[in-house]
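Please look over the sequence and the model below before reading on; the paragraphs that follow move from a pair of helices to the interior and then to one charged residue.

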Amino acid sequence: MYVCGMTVYDYCHLGHARVLVVFDIVQRWLRSSGYRVTYVRNITDIDDKIIRRAHENGEPVAALTERFIGYMEEDAAALGVEKPDHEPRATQYVPQMLDLIGRLEAKHLAYQSASGDVNYAVRRFPGYGKLSGKSLDELRAGERVEVDASKEDPLDFVLWKRSKPQEPSWPSRWGAGRPGWHIECSAMSSSLLGESFDIHGGGQDLQFPHHENEIAQSEGASGGRFAKYWMHNGFVRVDEEKMSKSLGNFFTVREVLKKYDAEVVRFFIARAHYRSPLNYSDSHLDDARSALARLYTALRGAAAAGGGGVDWNEPHARRFKAAMDDDFNTPEAVAVLFEMATRINAGERGLAPQLRALGGLLGLLQRDPAAYFQGGLDAASIETLIRGREAARKRRDFAEADRIRKVLLEQGVVLEDGAGGTTWRRA
């Protein structure tokens, strides 16, 4: 499974959080169903927006991307998102991109224009538009496709961009330059998963042009099928508009976690079907917090600890499985959890371990109920751990420092390192 990850020039917003959580649930369910999963989620660390932000900040591109990769990893960990098997960065795969562009040029699917850019010739690929279901005449150049009068066709997109002064660049047979946005995912996915693999995922906004262009590049080069199944999670919406940085109506994960427990945010995402729009508001998160509290209340005082497995012969588990096998229908699976909680509260305490185990398949209900309601560690304990981490960093024991950070994240505490020292906040 290959999932398009973050472009790292700013903090993750809730739209990014949805991608992280949705495909984390998908890979958890596939593994629990007995599949051997290789999960790849890439990082875009070279891009027009990254270069522009680094220039505005007066810092190297690598410093900017490294910082925001760290913030992304903290947000993902706070949300209970497991690390993918591979997390390739675009800048690590430039040689593979150049090889792929060369293969496309040899098949007359790519050409170098007078501007020096190398473009993909869209109309030479017969299957273009099959993912989005639009004809070539209906399609328009995508958001990140730079208008260039030297293109053979306005729909042609850039594979290799000529270098400009003060920009990162790599040598190539077409001159110094850097990769276009789309080519990176074709190169990384084929390098790590082969030319054909099972599932390709990402946000709904990537269906066109990004995923359409990936198909054209990958299938144009290989002559075979690229991805067997495509999964696109729906938008997060605010006041009926898509949440996005370009619209200025986005909420960063860090802003939301200042007000809500991270597990509440994960539950808020999980209780909606991945393909449906997700409407953000404080009232919806308040409702999610109340609902999650009802599930944890059912686990109070029950013999639910110990991490036991699911009894798949039990009726609730069979219904849960049927829901998840039906296009990852998490709303129906969550409804099964609430039915179990009702039965537990009515006296069937023996169902509590099963409730916890099923919740764990969604990345939920794994904390001690008392700790969940008390908010985890107290301030004094947090400060003690932070002092221990600072001491470990001073003696360059980074493994211990990372372990302490992880312990705090697991307790819903996010650390933020700055010039004035380390501060913390509750997730």
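At roughly what angle do the axes of helix H2 and helix H3 cross? In this predicted model, the axes of H2, which covers residues 48-57, and H3, which covers residues 61-78, come within 9 Å and cross at roughly 105°. Because angles of 65 to 115 degrees count as roughly perpendicular, the two helices H2 and H3 are therefore described as roughly perpendicular to each other. On the H2 side the contact is made by Ile50, Ile51, Arg53, Ala54 and Asn57, and on the H3 side by Val61, Leu64, Thr65 and Arg67. Sorted by character, the residues of this contact comprise five nonpolar, two polar and two charged.

Turning to the interior, the largest nonpolar core holds 126 residues, of which Phe23, Tyr120, Leu159, Val265, Phe267, Phe320 and Leu355 touch the most other members. The element that gives the most to this core is helix H1 (residues 14-32), with 11 residues. Leu355 can serve as an example: leaving out residues up to four places away in sequence, Leu355 touches Leu295, Ala298, Leu299, Leu337, Met340, Ala341, Ile344 and Leu365. A second core, separate from the other, consists of six residues, among them Ile382, Ile386, Val413 and Leu415.

Is Arg425, a residue of strand E13 (residues 421-426), buried or exposed? Its relative accessibility is 9%, and since buried means under 20%, Arg425 counts as buried. The side chain of Arg425 is joined to that of Glu416 by a polar contact of 3.0 Å. Apart from neighbours within four places in sequence, the residues in contact with Arg425 are Asp75, Arg254, Leu257, Lys258, Gly412, Val413, Val414 and Glu416.

How values were computed: Residues numbered from 1 in each chain as written. Predicted model: local features only at pLDDT ≥ 70, side-chain atom pairs only at ≥ 80, totals over all residues. Heavy atoms only, no water. Axes fitted to C-alpha atoms, helices over the stretch in contact; angles between N-to-C directions. Helix = DSSP H or I, 4+ residues; strand = E, 2+ residues; numbered from the N terminus. Parallel < 35°, antiparallel > 145°, perpendicular 65-115°, else oblique. Contact = heavy atoms within 4.5 Å. Nonpolar A, V, L, I, M, F, W, Y, C, P; charged D, E, K, R; others polar. Core = buried A, V, L, I, M, F, W, Y, C linked by side-chain atoms within 4.5 Å. Buried < 20%, exposed > 50% of the residue type's maximum accessible area, 1.4 Å probe, protein only. Polar contact = N/O pair within 3.5 Å; in protein donor to acceptor, adjacent residues only side chain to side chain.
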